[in-house]
Amino acid sequence: MAYFGFKDLSSLSTVDMTIYRYVTQNVDKVIYMRVRDIAQSSHVSNSSVMRFIHKIGFNSFPEFKAYLKNNHLSFQPQSNKMNFIDASNFPKDIETKIMLVANKIYQSDNITTLGMGNSGYLAEYAARTMAALGFNTTAITEPFYPLRAKLKNTSNNIIMCYSVSGETSELIELINEFVNDEDVTIVCITSNESSTIAKMSRYVLSYINETHYSSNHYNLTSQIPVMYLIENLDKTLENLMQQ
């Protein structure tokens, strides 16, 4: 990003860039410093600082400092704290539910993970990690997959649906045929435990997460809680296999 409205950074010398980096990284200090203070802190000469100031378009040092003071807020980095997850993102009995699902998976013959859009990537990730543990797992991420035909003449199946809203119409249509099928256990991973898919499922692994959309309406809701559930489930399965 170019500061001071100066965009031709390629025209700056190595010394100029040293001053540029120091100023842009220490605006809160520089607005109170003298020329020689900036020079000493950036390890250059006083004249180098003044040449830099003139080169980026200011007639004097006072003009340069006035600009910094007036635009100080624009130099402040936005607060994007790395807020990950904690116990508040899950129901109190989530560990018990994970154990129940893990035991069911452990005893199953076939596992199918379902998801569309961003949830499709998570379904694929979950299938891959469970396959790495030795489970017969398939990921399905397209709405017209012939799931009924695939599971024909099979038993002891688990279908795991990944859906933030729990209202993904394509998933609802895919699993609707299996709701009353004794050979299929449906598991839902969703942020809405009262959703349609959750109600269609035997087990629900839910989480609490704020829905977030971009200005052009793309869903940017964090999937970190889902990743936690996937990897916690994998770890539980791994522990079961070692018993």
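The following questions and answers go through the sheet, salt bridges, cysteines and aromatic pairs of a predicted model.

Modeller: Local features in this predicted model need pLDDT of at least 70 and side-chain atom pairs count only at pLDDT 80 or more, while totals for chains, interfaces and linings use all residues. Residues are numbered from 1 along each chain as its sequence is written, and side-chain values use heavy atoms, with hydrogens and water left out.

Biologist: Which are the edge strands of the open sheet?

Modeller: Strands are DSSP runs of E with at least two residues, helices are runs of H or I with at least four, and both are numbered from the N terminus. Two strands pair if DSSP finds at least two bridges between them. The five strands are ordered E2-E1-E3-E4-E5, with parallel pairing. Pairing on one side only marks the edge strands, E2 (137–140) and E5 (203–206).

Biologist: What is the average twist from one strand to the next?

Modeller: Axes are lines fitted to C-alpha atoms, for helices over the stretch in contact, and angles run from 0 to 180 degrees between N-to-C directions. From one strand to the next, the twist averages 20°.

Biologist: Which residue stands opposite Val187?

Modeller: Strand E4 (residues 184–190) pairs with E5 in the parallel sense, over four bridges. Opposite Val187, in strand E5, stands Tyr203.

Biologist: Which strands does helix H11 touch?

Modeller: Contact means heavy atoms within 4.5 Å. Helix H9 (residues 169–176) lies across E1 (110–115), E3 (157–162) and E4, running at about 155° to E1. Helix H11 (residues 224–242) also packs on the sheet, and its direction makes about 155° with that of E3. The strands touched by H11 are E3, E4 and E5.

Biologist: Which residues does Asp109 touch, not counting residues up to four places away in sequence?

Modeller: Asp109 is in the loop between helix H6 (94–106) and E1. Its C-alpha is 8.2 Å from that of Ile158, although the two are 49 residues apart in sequence. With sequence neighbours up to four places away left out, Asp109 touches Asn136, Ser155 and Asn156.

Biologist: How many salt bridges are there?

Modeller: A salt bridge here is a side-chain nitrogen of Lys or Arg within 4 Å of a carboxyl oxygen of Asp or Glu. One of them joins Lys97 to Asp93, with the closest N and O atoms 3.7 Å apart. The count comes to six.

Biologist: Which residues are linked with Arg148 in a network of salt bridges?

Modeller: Arg148 and Asp181 meet at 3.5 Å, N to O. Arg148 lies in helix H8 (residues 147–150) and Asp181 in the loop between H9 and E4, so this pair ties together parts 33 residues apart in sequence. Linked with Arg148 in the network are Glu177 and Asp181.

Biologist: What separates Lys235 and Glu238 along helix H11?

Modeller: Their side chains form a salt bridge of 3.9 Å, N to O. Because Lys235 and Glu238 are three residues apart in helix H11, their separation is about one helical turn.

Biologist: How far is the sulfur of Cys188 from the closest cysteine sulfur?

Modeller: A disulfide is a pair of cysteine sulfur atoms within 2.5 Å, and a search of the whole structure finds zero. Cys161 is in no disulfide, its nearest cysteine sulfur being that of Cys188. That separation is too far for a bond: 6.4 Å.

Biologist: Is Cys161 buried or exposed?

Modeller: Buried means under 20% relative accessible area, exposed over 50%, and partly exposed in between (1.4 Å probe, protein chains only). Cys188, at 0%, is buried. Cys161 has 0% relative accessibility and therefore counts as buried.

Biologist: What kind of aromatic pair do Tyr20 and Phe52 form?

Modeller: Rings of Phe, Tyr and Trp (its six-membered ring) pair if their centres lie within 6.5 Å; planes under 30 degrees apart count as stacked, over 60 as edge-to-face and the rest as tilted. The structure holds five such pairs. Tyr20 and Phe52 lie 6.5 Å centre to centre with 75° between the planes, which is edge-to-face.

Biologist: Where does Tyr228 lie?

Modeller: The rings of Phe90 and Tyr228 have centres 4.9 Å apart and planes at 35°, so the pair is tilted. Phe90 lies in the loop between helix H5 (61–70) and H6, and the pair ties together parts 138 residues apart in sequence. Phe90 is buried at 8%, whereas Tyr228 is partly exposed at 30%. Tyr228 lies in helix H11.
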